[in-house]
Amino acid sequence: MKKKAKKVIEPTHPKQRTESQNKALWLFYEMLAKALNDGGLDMRVVLKPSYQIRWTKENIHDNLWIPIQKYLYGTNSTTFLKKQEQIDKIHETIMQGLGEKFGVEYIPFPVDEEKQLQKLGH
């Protein structure tokens with residue numbers, strides 16, 4: 001007699017962000033990477049003084065967003081953030097720190113992704 005395979009149900013976080021919020025997160029990472037690169041603030045200047053590395057949206061996520069998220073909320077996955085409250089707090093923390101320490105101009109969190117993508121030339 002064959003055993004039936006159990007159906008695996010993937011757990012979801014009850015307050016998981018929307019697809020639009022996910023796109024906005026990654027758009028912010030891209031916008032911040034461009035601003036830091038344009039300002040001559042490569043990763044060496046901000047994080048690793050021993051070598052020069054240009055910013056990408058992926059390393060914004062890995063080296064700025066996630067460490068602050070982990071410190072503030074104890075999680076290393078953006079899927080576990082409360083929709084807007086926690087995203088806004090992390091965004092504000094990053095922008096305040098970069099503004100104070102490196103003079104990076106404030107980048108508002110993307111609300112209309114289409115307009116922001118047009119600004120970046122996508």
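The accessible surface of this protein comes to about 8400 Å², and carbon and sulfur atoms account for 52% of that area. The model you are looking at is predicted. The protein has 122 residues, of which 34% count as buried. Its fold is built from five helices and zero strands, so a walk along the chain from the N terminus reads α-α-α-α-α. Among contacts between residues at least 6 apart in sequence, 56% join residues at least 24 apart.

**Helix H1**

- Helix H1 covers residues 19–38, and a quick length check works out well: at 1.5 Å a residue, its 20 residues should span 28 Å, and the end C-alpha atoms are 29 Å apart, which agrees.
- Many names will come up again from the buried residues of H1, which are Gln-21, Ala-24, Leu-25, Leu-27, Phe-28, Tyr-29, Met-31, Leu-32, Ala-33, Leu-36 and Asn-37.
- Asn-37 counts as buried because its relative accessible area is 13%, under the 20% cut-off.
- Leaving out residues up to four places away in sequence, Asn-37 touches Arg-54 and Trp-55.
- After H1 comes Gly-40, a residue with a positive phi, near 75 degrees.

**Helix H3 and its bend**

- Helix H3 runs through residues 57–73 and bends by about 35 degrees at Trp-65, with a proline, Pro-67, following within four residues.
- The buried residues of H3 are Asn-59, Ile-60, His-61, Leu-64, Trp-65, Ile-66, Ile-68 and Gln-69.
- Those buried residues pack against H1, H4 and helix H2, which spans 43–46.
- H3 is followed by a glycine too: Gly-74 has a positive phi, near 70 degrees.

**The nonpolar core**

- The largest nonpolar core holds 27 residues, and the members that touch the most others are Leu-32, Leu-36, Trp-65 and Ile-94.
- Helices H1, H2, H3 and H4 are the elements that give two or more residues to this core.
- H1 provides the largest share, with nine residues.
- Trp-65, the site of the bend in H3, has a long list of contacts beyond its neighbours within four places in sequence, including Leu-25, Phe-28 and Tyr-29, as well as Leu-81, Ile-87, Ile-90, Ile-94 and Phe-109.

**Aromatic residues**

- Across the whole structure, a search finds five aromatic pairs.
- One of them joins Phe-28 and Phe-109 in a tilted arrangement, with 5.9 Å from centre to centre and 35 degrees between the planes.
- This pair links distant parts of the chain, since Phe-28 sits in H1 and Phe-109 in the loop between H4 and H5, 81 residues apart.
- Phe-28 and Phe-109 are both buried.
- The two phenylalanines also belong to one aromatic cluster with Trp-26, Tyr-29 and Trp-65.

**The loop between H4 and H5**

- Val-111 lies in the loop that connects helix H4 (85–102) to helix H5 (113–120).
- Val-111 counts as exposed because its relative accessibility is 74%, over the 50% cut-off.
- In sequence, Val-111 and Ala-24 are 87 residues apart, yet their C-alpha atoms are 7.0 Å apart in space.
- Ala-24 is one of the buried residues of H1, whereas Val-111 is exposed.
- Phe-109 is found in this loop as well, and Phe-109 is buried.

Notes
Residues are numbered from 1 along each chain as its sequence is written. This is a predicted model: local features need pLDDT of at least 70, side-chain atom pairs count only at pLDDT 80 or more; totals for chains, interfaces and linings use all residues. Side-chain values use heavy atoms; hydrogens and water are left out. Buried means under 20% relative accessible area, exposed over 50%, partly exposed in between (1.4 Å probe, protein chains only). Contact means heavy atoms within 4.5 Å. The bend at a residue is the angle between axes fitted to the seven residues ending there and the seven starting there. Accessible areas come from the Shrake-Rupley method with a 1.4 Å probe; for residues, only the protein chains shown count as cover. The expected span of a helix is 1.5 Å times one less than its number of residues. A nonpolar core is a set of buried Ala, Val, Leu, Ile, Met, Phe, Trp, Tyr and Cys residues joined through side-chain atoms within 4.5 Å. Rings of Phe, Tyr and Trp (its six-membered ring) pair if their centres lie within 6.5 Å; planes under 30 degrees apart count as stacked, over 60 as edge-to-face and the rest as tilted.
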